[in-house]
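Please look over the sequence and the structure below before reading on. The briefing that follows takes two helices and one sheet in turn.

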Amino acid sequence: MGWCQLRINIDNRQADALSESLMEAGAIAVTFTDATDHPLYEPKPGTTPLWPSTAVTALFNSQHEAQRVFVGLGDQFGLLALGAPAFKQLEDRVWEHAWRERYQPVDCGDGLWVGPDDFVADAPDACVVRIEPGLAFGTGGHATTALCLRWIASHVMSGVRIVDFGCGSGILGIAALLRGAQSVIAVDHEAQARTATLENAQRNGVHKKITTCATMAEMVEPVDGILANVLLNPLLELRDEFAARLRVGGWIVLSGVLADQTELLADAYGERFDQMQISTEGDWARLSACLKS
Ligand SMILES: C[S@@+](CC[C@H](N)C(=O)[O-])C[C@H]1O[C@@H](n2cnc3c(N)ncnc32)[C@H](O)[C@@H]1O
């Protein structure tokens, strides 16, 4: 059996009402996505803001039904507010497998890979981080994660104790453990991310070396390194706390910043850190540095 997708772009203030009407009219599912290009970076925990223009996509059993529902919505919302609808016929398929087609292995260099459970790297000594794509951020596909993974791949991890700050799926901490790190404290204020990290750690057989927490407040011992792929503002706010959690000479790897924000970040961190290095990929950047003595 096939399906029909009806997509309507609407002002975010009307998106919830439109979604309810679509469900009442018989939609099987409704999803919200960004209708234009206004990414919402890391909303505050517990909030779910919508994009200024939100694309509301509803799934129906047939195009005939989708068209009938759209005509009915005109009375409630006004055809002008709804704009031009887009109808798309979908072939039936095994949806559980669909995400796998889009989840491609990532080569992080120096024998480090990220891939699904059934991926086999074409090198006997390759180290593969197995991540199940889920609700937490971090499958290696985003440039900021890839920049951090490449740093991990090209530095000695043996025996180091690390904080993976903003752990998301746990990908960075797990990669470091697979490359020989002694222990990882995975910090994330989202409970879902901490759960995903523990599940992924188990999947990779490193769960005994990883602990999760919502903040760094409970940490007692200084660590050798901190990996933090979050946004510019939290990184600026966290500089002194990061410095306080590191042993002298310890390193930080910061990402989640745009290439044109690195000057600001380097200025702020320059007071406490030296040996700074910056790397970019597309619009994104990574900064690494060591704590001054
Ligand atoms: C961009 S994701 C990075 C995920 C993963 N580390 C990676 O590199 O792909 C950022 C993560 O940091 C978390 N986060 C952002 N600000 C935070 C804060 N101030 N304290 C704790 N976690 C934070 C978010 O919940 C999110 O899971």
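In this predicted model, the buried residues of helix H7 are covered by elements that include strand S7 (127-130), helix H6 (171-178), strand S9 (183-187) and strand S10 (210-213). The points below begin with H7 itself and go on to helix H8 and then to a sheet of four strands.

**Helix H7**

- The residues of H7 that are buried are Ala 193, Ala 196, Thr 197, Asn 200 and Ala 201.
- Viewed down the axis of H7, these buried residues fall within an arc of 135°, and they therefore line one face of the helix.
- Glu 199 and Gln 202, by contrast, lie on the other side of H7 and are exposed.
- H7 comprises 13 residues (191-203), and the distance from its first C-alpha to its last is 19 Å, which is close to the 18 Å expected at 1.5 Å a residue.
- After H7 comes Gly 205, a residue whose phi is positive, near 70°.

**Helix H8**

- The 14 residues of H8 (residues 232-245) should span 20 Å at 1.5 Å a residue, and because the end C-alpha atoms are 19 Å apart, the model agrees with that expectation.
- H8 nevertheless contains a kink of about 55°, and the centre of this kink is Leu 238.
- Leu 238 is also one of the buried residues of H8, together with Leu 232, Leu 235, Arg 239, Phe 242, Ala 243 and Arg 245.
- The packing partners of these buried residues are strand S8 (161-165), strand S11 (223-229), strand S12 (246-258), helix H9 (262-270), strand S13 (273-281) and strand S14 (284-291).

**The sheet of four strands and its helices**

- An open sheet is formed by four strands in the order S2-S3-S1-S4, with antiparallel pairing.
- Strand S2 (29-34) and strand S4 (86-90) are the edge strands of this sheet, since each of them pairs on one side only.
- From one strand to the next, the twist of the sheet averages 25°.
- S2 and strand S3 (residues 53-60) run antiparallel and are joined by six bridges, and within S3 it is Ala 55 that serves as the bridge partner of Thr 33.
- Helix H1 (residues 12-24) packs on the sheet, where it touches strand S1 (3-11), S2 and S3, and the direction of H1 makes about 150° with that of S1.
- Helix H2 (residues 63-77) also packs on the sheet, touching S1, S3 and S4, and the direction of H2 makes about 20° with that of S1.

Conventions. Residues numbered from 1 in each chain as written. Predicted model: local features only at pLDDT ≥ 70, side-chain atom pairs only at ≥ 80, totals over all residues. Heavy atoms only, no water. Helix = DSSP H or I, 4+ residues; strand = E, 2+ residues; numbered from the N terminus. Expected span 1.5 Å × (residues − 1). Bend = angle between axes of the 7 residues up to and from the residue. Buried < 20%, exposed > 50% of the residue type's maximum accessible area, 1.4 Å probe, protein only. Contact = heavy atoms within 4.5 Å. Arc of directions from axis to C-beta. Pairing = 2+ DSSP bridges. Axes fitted to C-alpha atoms, helices over the stretch in contact; angles between N-to-C directions.
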